[in-house]
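Here are my notes on the structure, point by point. Please read them with the coordinates open.

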Amino acid sequence: MIYAAGYQSPFGELTLFASDYGLTAVTFNDPRWDGTDIVTKQFVRNPQAYPRGEIKRDDAHFTHIIKELDSYFSGELRLFTAPIDYADSGTDFQRSVWDALQEIPYGSVVTYGELAEKIGNAKAARAVGLANNRNPLAIIVPCHRVIGANGRLVGYAGGLPFKRSLLELEGVTLDDEGDGSSRDAILRAGTLAFSESGYKGTTVDDIAKLAGVNKRMIYHHFGSKRGLYDDVVSTVEIGGTGEGANINETGPNAAIRLKLYQLLETGTTSDPSLAADIERNVDRIAKLQSEGKMDSRYDTQLVARFVTIADQWKAVGEKPRARLVPVVNRLRDSS
């Protein structure tokens, strides 16, 4: 049995989940949730943290952690002691990253590269970033204390304003406000480039050309090619391109989707499960569109999923056009 309770933080509403052994998830509630019942997966901003199985609302089950959260948000608590339970979540590697996150002191920040070194794999910064994104216990397991290689904030499931507020609560002030518009333009361009050519097929020159900047500006904002790519991947996985930025206004939104579907139609696969996976995701977009619920978070998560699938297609054969083209065309017709 999984238990759940709501919690109103100063920076946004949360839902807490726990097993009989400890806290299993802390999720950020979508603003569209009307608060009439416990939040469902549809209204969670970090859906990868949403627990499986039967869920029962039980506020009394969370007395300890709610007391600690109140103390944390009042600026008093430095270390959470409530038991946690993520034994059934993530891979061994992801759990090693989550364990390392708990060792980052209150009021401190580290980069993804530094966190990778901490777990003994200095070349795994990108994988560490993705594991960071999969952390089910936001705030309690402090993934908000990890920043980009250039000292800037990187995407956060609760939104960058929430992340900045948590760090400021802990006394951390980042000097990363300058020239945000060009940085956001680079991230938007990176998302478009990745959706068209994939992670390996995209160059810094491609992104610079799409963003309308020179490469020096990219290195100014991101420090290195790896820093840029890690931030683009984090942006795609989590959603959004920065505080107040929206990559999914009508033009860019349609462009990302159309480039993806063009890529998918020319891809190949011999694995029926991949074709079925694509159909499910395309159907999901179509449903969201018909309900008027399409937004940047949904689109960017789907971009990441489609790019992953498309990359898998490159090594195998047989086009599943008979199954995919009608679905893609239906989605295009609804755009």
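1. Start with the packing of α5. Its buried residues pack against β1, β2, β3 (23-28), α1 and β6. The helix spans residues 160-169, and L160, F162, K163, R164, L166 and L167 are the buried ones to look at. Note that K163 and R164 are on that list. An α-helix has 3.6 residues a turn, so residues three or four places apart point the same way. Keep in mind that this is a predicted model.

2. The end of α5 deserves a look as well. G171 follows the helix. Its phi is positive, near 90°.

3. F162 of α5 also takes part in ring contacts. Y156 and F162 form an aromatic pair, with centres 6.5 Å apart and planes at 50°. That geometry is classed as tilted. Are the two residues buried or exposed? Both Y156 and F162 are buried.

4. The wider search of the whole structure gives 11 aromatic pairs. One of them joins F11 and F73, edge-to-face, at 5.7 Å centre to centre and 75° between the planes. The angle is over 60 degrees, so the pair falls in the edge-to-face class. F11 sits in the loop between β1 (2-9) and β2 (12-18), while F73 belongs to helix α1 (residues 63-73), so the pair ties together parts that are 62 residues apart in sequence.

5. How do the two partners compare in burial? F11 has 32% relative accessibility and counts as partly exposed. F73 has a relative accessible area of 12%, so F73 is buried. The cut-off for buried is under 20%.

6. Which residues do the ring pairs link into a cluster? They are Y7, F11, F28, Y72, F73, F80, Y106, Y156 and F162. Both pairs described above thus have their members in this cluster.

7. P136 is a good site to inspect next. P136 is placed in the loop between α4 and β6 (146-147). At a relative accessible area of 4%, P136 is buried, because the cut-off is under 20%. Not counting residues up to four places away in sequence, P136 touches T24, A25, V26, A49, Y86, S89 and W98. For V26, the C-alpha to C-alpha distance is 6.3 Å, across 110 residues of sequence.

8. Now the internal voids. How many cavities of 30 Å³ or more does the structure hold? There are 4. The largest cavity has about 120 Å³ of space. It is lined by 15 residues, and N132, N133, C143, Y156 and A157 are the closest to its centre. Y156 is therefore a residue to view twice, as it is also in the ring cluster.

9. What lines that cavity? Helix α4 (residues 125-133) gives the most to the lining, with 3 residues. By class, the lining of the largest cavity has 7 nonpolar residues, 7 polar and 1 charged.

10. Last, the chain as a whole. The secondary structure comes to 13 helices and 6 strands. Of the 335 residues, 52% count as buried. Among contacts between residues at least 6 apart in sequence, 66% join residues at least 24 apart. The accessible surface is about 15300 Å², and 50% of that belongs to carbon and sulfur atoms.

Methods
Residues are numbered from 1 along each chain as its sequence is written. This is a predicted model: local features need pLDDT of at least 70, side-chain atom pairs count only at pLDDT 80 or more; totals for chains, interfaces and linings use all residues. Side-chain values use heavy atoms; hydrogens and water are left out. On a 1 Å grid over the protein atoms alone, a cavity is a set of points where a 1.4 Å probe fits but cannot get out, and a pocket is an open set with protein on both sides within 12 Å along at least five of seven lines; lining residues have an atom within 4 Å of a point. Grid points are joined across faces, edges and corners, and a volume is the space filled by probe spheres set on the points. Helices (H or I, at least four residues) and strands (E, at least two) are DSSP runs, numbered from the N terminus. Ala, Val, Leu, Ile, Met, Phe, Trp, Tyr, Cys and Pro count as nonpolar, Asp, Glu, Lys and Arg as charged, and the others, Gly among them, as polar. Buried means under 20% relative accessible area, exposed over 50%, partly exposed in between (1.4 Å probe, protein chains only). Contact means heavy atoms within 4.5 Å. Accessible areas come from the Shrake-Rupley method with a 1.4 Å probe; for residues, only the protein chains shown count as cover. Rings of Phe, Tyr and Trp (its six-membered ring) pair if their centres lie within 6.5 Å; planes under 30 degrees apart count as stacked, over 60 as edge-to-face and the rest as tilted.
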